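Visitor: Could you take me through one part of this model in detail, the helix that opens the chain, and set it in the context of the rest? I would like the cut-offs spelled out as you go.

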Amino acid sequence: MALTVSLVVFAGIIVVVLLRTGYLRLWPALAASLFGFTLASTGIAPAINSVISTVAGWISTLG
C-alpha cells in the first residue's frame with residue numbers, strides 16, 4: 001500500500017510539472033487519466049499491478 005501511494009504522489013508531481021512547463025496539455029492529461037481509471041476497472045489491472053510491483057522490487061534491490 002505504501003508503494004502505491006508513493007507511486008501515485010510521484011506520478012502526480014510529474015503530471016503537475018509537465019502541465020506547468022507546457023509539455024503536457026490539459027485535455028490530453030485528462031484523457032490519459034480517464035483511460036487509466038477505465039483500465040483499472042478491467043481484468044488486466046492485476047497484471048499491471050504485478051508488473052509495477054516487480055519493477056519496484058528490482059529497483060529496491062539496486063540501491
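Guide: Helices and strands here are DSSP runs, helices being H or I over at least four residues and strands E over at least two, and both are numbered from the N terminus. On that basis the protein chain reads α-α-α along the sequence, with three helices and zero strands. This is a predicted model, in which local features need pLDDT of at least 70 and side-chain atom pairs count only at pLDDT 80 or more, while totals for chains, interfaces and linings use all residues. Residues are numbered from 1 along each chain as its sequence is written, and side-chain values use heavy atoms, with hydrogens and water left out.

Helix 1 covers residues 2-21, and together with helix 3 (45-62) is one of the elements giving two or more residues to a nonpolar surface patch. That patch, of about 740 Å², is made by Leu 7, Phe 10, Ile 14, Leu 18, Tyr 23, Ile 44, Ile 48 and Ile 52, and helix 1 supplies its largest share, four residues. Patch residues have over 30% relative accessible area and no salt bridge, with like charges joined within 9 Å and nonpolar side chains (Val, Leu, Ile, Met, Phe, Trp, Tyr) within 5 Å; a salt bridge is a side-chain nitrogen of Lys or Arg within 4 Å of a carboxyl oxygen of Asp or Glu. Accessible areas come from the Shrake-Rupley method with a 1.4 Å probe, and for residues only the protein chains shown count as cover.

Two residues of helix 1 deserve a closer look. Leu 18, placed in helix 1, counts as partly exposed because its relative accessibility is 31%, whereas Val 8, also found in helix 1, is exposed, with a relative accessible area of 55%. Buried means under 20% relative accessible area, exposed over 50%, and partly exposed in between; buried residues make up 5% of the 63 residues in the protein chain.

Val 8 also belongs to the lining of the largest pocket, where Val 8, Ala 11, Gly 36, Phe 37 and Ile 52 lie nearest the centre among 23 lining residues. Helix 1, helix 2 (26-40) and helix 3 each give two or more residues to that lining, and the largest share, nine residues, comes from helix 2. A pocket is an open set of points on a 1 Å grid over the protein atoms alone, with protein on both sides within 12 Å along at least five of seven lines, and lining residues have an atom within 4 Å of a point.

How values were computed: Buried means under 20% relative accessible area, exposed over 50%, partly exposed in between (1.4 Å probe, protein chains only). On a 1 Å grid over the protein atoms alone, a cavity is a set of points where a 1.4 Å probe fits but cannot get out, and a pocket is an open set with protein on both sides within 12 Å along at least five of seven lines; lining residues have an atom within 4 Å of a point.
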